[in-house]
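Here's a quick tour of a single chain, from its overall build to the empty space inside it. Take a look at the model first.

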Amino acid sequence: MSFSEKEITCNACFVHGEGDIHFEPHQVKLAEGEILVKVTCGGICGSDVHYYQHGRAGMSVLHHPMIIGHEFVGKVCEVNSDDERFCVGQPVVVNPSRPCNECPECLTGHQNLCQSMRFMGSAQFNPHVNGGFSEYVAVKPEQCLPYSEQVSPKVMAFSEPLSVAIHAVNVAGQLTGKKVLVIGAGPIGCLILAAAKCAGASIVVASDLSQRCRELASQMGASTVFDPTDDSQVSYYQNNRGYFDVVFEASGASAAIASTVDFTHPNGVIVQIGMGASPMTWPVSSMLAKEISFKGSFRFVHEFATSVQWLEQGRVDPTPLISAEFSPDQVQEALITAGNKEISSKVLINFE
Ligand SMILES: [Zn+2]
Ligand SMILES: [Zn+2]
């Protein structure tokens, strides 16, 4: 059988620039060998909010309209190949990563560090790579993982951020019996603490300036939570050369990043996940005198499959993190809501 390229007309959430987003007509091109997925649910990430608020996310600047969204799930709608692993109607989680599989990083199994990663919903390269907030998307079969119909798409929409969290846990190394601190209890911080517990951490403490985020951290399984402006709590955890074996920094705030060294016990590990404002003051001498390892964690590799399994099995329940749901034609309101940290954790777009 031969398969040819075809076009499907639908609507998608295009960001045009700062403050300019519309749910508008889009022609999806389904190439030979690709799978057409009817999107059911998507989660809004910080980078989606940044494209809408500033026309850029970090170093990635919008040069032309782009479909946002890299956290999404759907159902197989058409298989434009003779790949027999997928049948029409099968629910699938879509991995937004499209690594080149040719660069030195890819060839050594570090596809998350690929030199020319085409990540869906990212303006890193020009032309940009469209994301998944579209009624239909065309993806490669290797991006799709089937999941059980018993599990809600709202749960599975957390696969991508949970992959980021599991990768951070893997970067930290063995966590069994370890005392762990997570700084910053947004969706990623909360998923890290849940993943750290799954990985065997004995104590998982979370800190956040916001009371609402601290409550969410408790719901997600934190042993204790504290406010980083509470001096008695901070000194309790910083006394005796630091209480924690592993500290995950997920806030990106300069003061929080600098505080990690004092929280960390000699020989401990600090994992940086929060994107900080670059140049900052860092307590080098106490870091080296305690032989602390400072590691970066970026995106994920094989953790995507682990994440899908954990969500399917209910090992991590992300539902307390869902703070609002919108339909795709309300995408502007959804992004404004998601950008308000006082009220929002994970905002979902429901395509069904
Ligand atoms: Zn994300
Ligand atoms: Zn590569």
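## Surface and burial

Accessible areas here come from the Shrake-Rupley method with a 1.4 Å probe. On that basis the chain exposes about 15,400 Å², and carbon and sulfur atoms supply 50% of it. Keep in mind that this is a predicted model.

As for what's tucked away, 51% of the 352 residues count as buried.

## Overall build

The secondary structure comes to 11 helices and 18 strands. With a radius of gyration of 21 Å, close to the 20 Å that the globule rule gives for 352 residues, the chain is as compact as a globular protein of that length. Along the principal axes, the C-alpha atoms fill a box of roughly 70 × 40 × 40 Å.

Contacts tell us about the wiring: taking those with a separation of 6 or more, 67% join residues 24 or more positions apart.

## The cavity

How many cavities of 30 Å³ or more does the structure hold? Just 1, and the volume of this largest cavity is about 30 Å³. Its lining includes His 70, Phe 72, Met 156 and Phe 304. Strand 7 (71-79), strand 8 (91-94) and helix 4 (159-172) each give two or more residues to that lining, with strand 7 giving the most, at 3 residues.

By class, the cavity lining has 7 nonpolar, 2 polar and 2 charged residues.

## The second largest pocket

About 390 Å³ of space lies in the second largest pocket. It's lined by 17 residues, and Asn 95, Ser 97, Pro 99, Glu 142 and Gln 143 are the closest to its centre. The lining of this pocket splits into 7 nonpolar, 7 polar and 3 charged residues.

Key. Residues numbered from 1 in each chain as written. Chains lettered and ligands numbered in written order. Predicted model: local features only at pLDDT ≥ 70, side-chain atom pairs only at ≥ 80, totals over all residues. Heavy atoms only, no water. 1 Å grid on protein atoms, 1.4 Å probe; cavity = no way out; pocket = protein on both sides within 12 Å on 5 of 7 lines; lining within 4 Å. Points joined across faces, edges and corners; volume = space filled by probe spheres on them. Nonpolar A, V, L, I, M, F, W, Y, C, P; charged D, E, K, R; others polar. Helix = DSSP H or I, 4+ residues; strand = E, 2+ residues; numbered from the N terminus. Rg over C-alpha atoms; globule rule 2.2 N^0.38 Å. Buried < 20%, exposed > 50% of the residue type's maximum accessible area, 1.4 Å probe, protein only. Contact = heavy atoms within 4.5 Å.
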